[in-house]
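Subject: Handover of a protein model

Dear colleague,

Please find below the structure that I am handing over to you. I would be grateful if you could keep it open while you read the notes that follow it.

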Amino acid sequence: MENKTGVSAEELFARNRKWAASMVAEDPNFFKALSEQQAPEYLWIGCSDSRVPANELLGMLPGELFVHRNIANVIAHSDLNALSVLQFAVDVLKVKHIILCGHYGCSGVGAALTGARVGLADNWLGHVRDVRDKHGKYLGNVAGRAAVNRLVELNVAEQVINVAQTTIVRDAWERGQPLTIHSWVYGVHDGLLRDLGITVSSFDEIAPKLERVLNGYIDGDQVREERRGQ
């Protein structure tokens, strides 16, 4: 049985063996050390898009990054899967950073923006449509790809708030556990990450930083456009 790229399952196993051998050749103790502990400092919450390989784009090895992915990098308060990952990362692994990362050209965000029907996932993308409706005034002066990319950014900002509002994160902050949430966007077109500027280590930091980002859309922030490379 072959996948869409024409690579058979047998060839995938062969690639796996080649990769494993290359890792051992570079470090004979690599898998032994990997199997004995898991101590990442980062939780990555990103999109399921196959073009966004979290470990690779950060130059990290397996074990250095705890990862949760779903369509359009959404954290919903009713999603026990996401909340369980978050709780395990914060309370058990004691990660110090939560990276909320979207990506430009996200098809899920694009569908939410235009209202295009994609199937069962329409129900999930309702969370992104809520972001679209909440921040509609920041989308009024852009169209097409630029509008999709702006909604990508707005969605990341909202998900940072959602993460910060969980009892998991608020309890961690209240007990003095060091924990910082980051708002990033990945450019599939150039492989580079962008920092939206909502980097928070307490709930009180969110409002002023979010306001600065939102005001940038109204003011026509050219620095943002140049940094993005769109």
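The notes below go through the sheet, the helices, three single residues and a pocket.

Please bear in mind from the outset that this is a predicted model.

**The sheet**

A suitable place to begin is the sheet. It is open and has five strands, in the order β2-β1-β3-β4-β5, with mixed pairing. At its edges are β2 (65-70) and β5 (192-195), each of which pairs on one side only. On average, neighbouring strands of this sheet are turned by 25° against each other, with direction ignored.

As general background, the strands of a sheet pair through backbone hydrogen bonds, and the pairing is either parallel or antiparallel. Both kinds can be followed in this model, as the next pairs show.

Strand β1 (residues 42-47) and strand β3 (residues 97-103) run parallel and are joined by five bridges. To find this pair on the screen, you may look for I45, which stands opposite L100 in β3. The pairing of β3 with β4 is also in the parallel sense, over seven bridges. Here H97 stands opposite T180 in β4.

β4 and β5, by contrast, pair in the antiparallel sense, over four bridges. In this pair V185 stands opposite R194 in β5. The two strands form a hairpin with four residues between them. In the turn of that hairpin, G191 has a positive phi of about 80°.

**Strand β4**

Why can β4 be described as largely enclosed by the rest of the structure? The reason is that eight of its eight residues are buried. Both faces of the strand are covered. On one side lie T180, H182, W184 and Y186, and on the other lie I181, S183, V185 and G187, all of them buried.

**The helices**

Helix α8 (residues 144-165) lies across β1, β3 and β4 (180-187). The angle at which α8 runs to β4 is about 160°.

α8 also meets helix α9 (residues 167-174): their axes come within 4 Å and cross at roughly 65°. From α8, the contact is made by V163, A164 and Q165; from α9, it is made by T167, V169, R170 and W173. By kind, the residues of this contact are four nonpolar, two polar and one charged.

Helix α7 (residues 126-134) has G126, V128, V131 and R132 as its buried residues. These buried residues pack against α5 (107-114), α6 (121-124) and α8.

**Three single residues**

H127 is found in helix α7. Is H127 buried, partly exposed or exposed? Its relative accessible area is 29%, and a residue counts as buried only under 20% and as exposed only over 50%. H127 is therefore partly exposed. Leaving aside neighbours within four places in sequence, H127 is in contact with V74 and A76. The C-alpha atoms of H127 and V109 are separated by 10.0 Å, and the two residues are 18 residues apart along the chain.

H135 lies in the loop between α7 and α8. With a relative accessibility of 5%, H135 counts as buried. If residues up to four places away in sequence are not counted, H135 touches L154, E158 and L214.

Y42 lies in strand β1. Its relative accessibility is 26%, so Y42 counts as partly exposed. Leaving aside its neighbours within four places in sequence, Y42 is in contact with M60, E64, L65, F66, V95, H97 and I99. One of these contacts, E64, is 22 residues from Y42 in sequence, while the C-alpha atoms of Y42 and E64 are 7.2 Å apart in space.

**The largest pocket**

How much space lies in the largest pocket? The value is about 250 Å³. The pocket is lined by 14 residues, and those nearest its centre are L34, Q37, P62, G63 and E64. Its lining divides into seven nonpolar, four polar and three charged residues. E64 thus appears twice in these notes: it is in contact with Y42, and it is among the residues nearest the centre of the largest pocket.

With kind regards

Technical notes
Residues are numbered from 1 along each chain as its sequence is written. This is a predicted model: local features need pLDDT of at least 70, side-chain atom pairs count only at pLDDT 80 or more; totals for chains, interfaces and linings use all residues. Side-chain values use heavy atoms; hydrogens and water are left out. Two strands pair if DSSP finds at least two bridges between them. Axes are lines fitted to C-alpha atoms, for helices over the stretch in contact, and angles run from 0 to 180 degrees between N-to-C directions. Contact means heavy atoms within 4.5 Å. Buried means under 20% relative accessible area, exposed over 50%, partly exposed in between (1.4 Å probe, protein chains only). Ala, Val, Leu, Ile, Met, Phe, Trp, Tyr, Cys and Pro count as nonpolar, Asp, Glu, Lys and Arg as charged, and the others, Gly among them, as polar. On a 1 Å grid over the protein atoms alone, a cavity is a set of points where a 1.4 Å probe fits but cannot get out, and a pocket is an open set with protein on both sides within 12 Å along at least five of seven lines; lining residues have an atom within 4 Å of a point. Grid points are joined across faces, edges and corners, and a volume is the space filled by probe spheres set on the points.
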